[in-house]
Amino acid sequence: MQNDSRDYKVCRALLGQRWRFNDWRGIAKHVMPLLIPDSNLQDVADDGLADVVVQRAKDNVLKLAGVCASMVTERGLNWFYYKSNDKDAAADAEDWFTKATQVVQDAIEQSNFYTEQHSAVVDRIVTGTGLMLIEPDVLRTLVFVHVPAGTYAIAENDQQEVDTVVRTFKFTPHQAALKWGLEKLSEKMRKSYESADERYSRQFEIWHLVEPRDVADMGNAPPDKSVGLNPLLMSWRSVYMEADSRHVIHEDGYYEFPYLCSRFVTLAGSPYGLSALYGLEDTLRKIIRLEGSIVDAAEAAAMPRLLTSADMVED
């Protein structure tokens, strides 16, 4: 169905505001340019420098990411635990929390958490913010999805906690039909699905909005009295729409906020984090220019410039 009202306007407004917080792209251009989405490349201002990567900066980013991963979330170790807030909790209650910790730890170990988390940590260092989506697959195991920098927008609640996310990604008609069903797709996507030339190749931009419900009926029985809670009554709304046609493909919900958003440093007035490389622009410029001068000097030494008179040109 066409969506010309609130959901589309919320997505458009948030995505429109994110460009005010994209200062990290000028730094990433010379440290890890692959972090910049292709759709953003034309927006990165020409800084007058060669399109080169400062290898020392890149190496240090990867080293810091490795340290963050190994020191905070080391694989194979219980780097978190659950416990009761009740100091007088019975032994069987503490035993339950201990077992719950192990169950969650085992689920994380069996998932793709550590692979996706590394990408999110690199994002957090270079851009200031790292984002992952957590969803169960058909086997009810955890699936972590790294959301690339520059492809999402976020907003905070009154406690400065991220509680709203809109992300953008692209799906072919084939992928969209597998995820949501052909009947839920827009007319344009269904036509592309039927086309042999477009079914597997044409890309459609999808927006995914997750936000808290104004009034969540958690605990109430669903209208049809079936087992489990109606997704439309869960605490968090989830809406998928095709951006071009504004067609709502699917709406459901989550019991808990499905995004993990980690920020390096936060400042008042912005929901986004501050890059660990913030303030290094001048240093990067000096390094790039110095390295360029060294290359020029080496070329001049290898192939010395000769002064010739005009009458010697033909010779």
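**Exercise 1. Is Glu198 buried, partly exposed or exposed?**

Solution. Keep in mind that this is a predicted model.
- Start with the number: the relative accessible area of Glu198 is 28%.
- Now the cut-offs: buried means under 20% and exposed means over 50%, with partly exposed in between.
- So Glu198 is partly exposed.
- Next, look at its partner. Glu198 forms a salt bridge with Arg202, and the closest N and O atoms are 3.5 Å apart.
- Arg202 has 31% relative accessibility, so it counts as partly exposed.

**Exercise 2. Work out the strand order of the open sheet and find its edges.**

Solution.
- Lay out the 5 strands: the order is β3-β4-β5-β6-β7, with antiparallel pairing.
- For the edges, look for strands that pair on one side only: these are β3 (152-156) and β7 (247-254).
- Then check the twist, which averages 15° from one strand to the next.
- Zoom in on one pair. Strands β4 (residues 162-171) and β5 (residues 204-212) run antiparallel and are joined by 7 bridges.
- Within that pair, Val165 sits opposite Val210 of β5.

**Exercise 3. Place helices α6 and α7 relative to the sheet.**

Solution.
- Take α6 (residues 173-180): this helix lies across β4, β5, β6 (236-242) and β7. Its direction is at about 130° to β4.
- Move on to α7 (residues 187-194), which packs on the sheet and touches β5, β6 and β7. The angle between the directions of α7 and β5 is about 135°.

**Exercise 4. Trace the salt bridge of Asp7 and the network around it.**

Solution.
- Count the salt bridges in the structure: there are 11.
- Pick out Asp7, which forms one with Arg237; their closest N and O atoms are 3.1 Å apart.
- Map the two ends onto the chain. Asp7 belongs to helix α1 (residues 6-17) and Arg237 to strand β6, so to speak a link between distant parts, 230 residues apart.
- Check accessibility: Asp7 and Arg237 are both buried.
- Finally, widen the view. Salt bridges link Asp7 and Arg237 in a network with Arg6, Glu211 and Glu251.

**Exercise 5. Why does the pair Arg263 and Glu156 tie together parts that are 107 residues apart in sequence?**

Solution.
- Begin with the contact: the two side chains meet in a salt bridge, 2.5 Å from N to O.
- Then locate the ends. Arg263 is in strand β8 (residues 259-263), whereas Glu156 is in strand β3, so the pair joins parts 107 residues apart in sequence.
- Round off with accessibility: Glu156, at 27%, counts as partly exposed.

Conventions: Residues numbered from 1 in each chain as written. Predicted model: local features only at pLDDT ≥ 70, side-chain atom pairs only at ≥ 80, totals over all residues. Heavy atoms only, no water. Pairing = 2+ DSSP bridges. Helix = DSSP H or I, 4+ residues; strand = E, 2+ residues; numbered from the N terminus. Axes fitted to C-alpha atoms, helices over the stretch in contact; angles between N-to-C directions. Contact = heavy atoms within 4.5 Å. Salt bridge = Lys/Arg side-chain N within 4 Å of Asp/Glu carboxyl O. Buried < 20%, exposed > 50% of the residue type's maximum accessible area, 1.4 Å probe, protein only.
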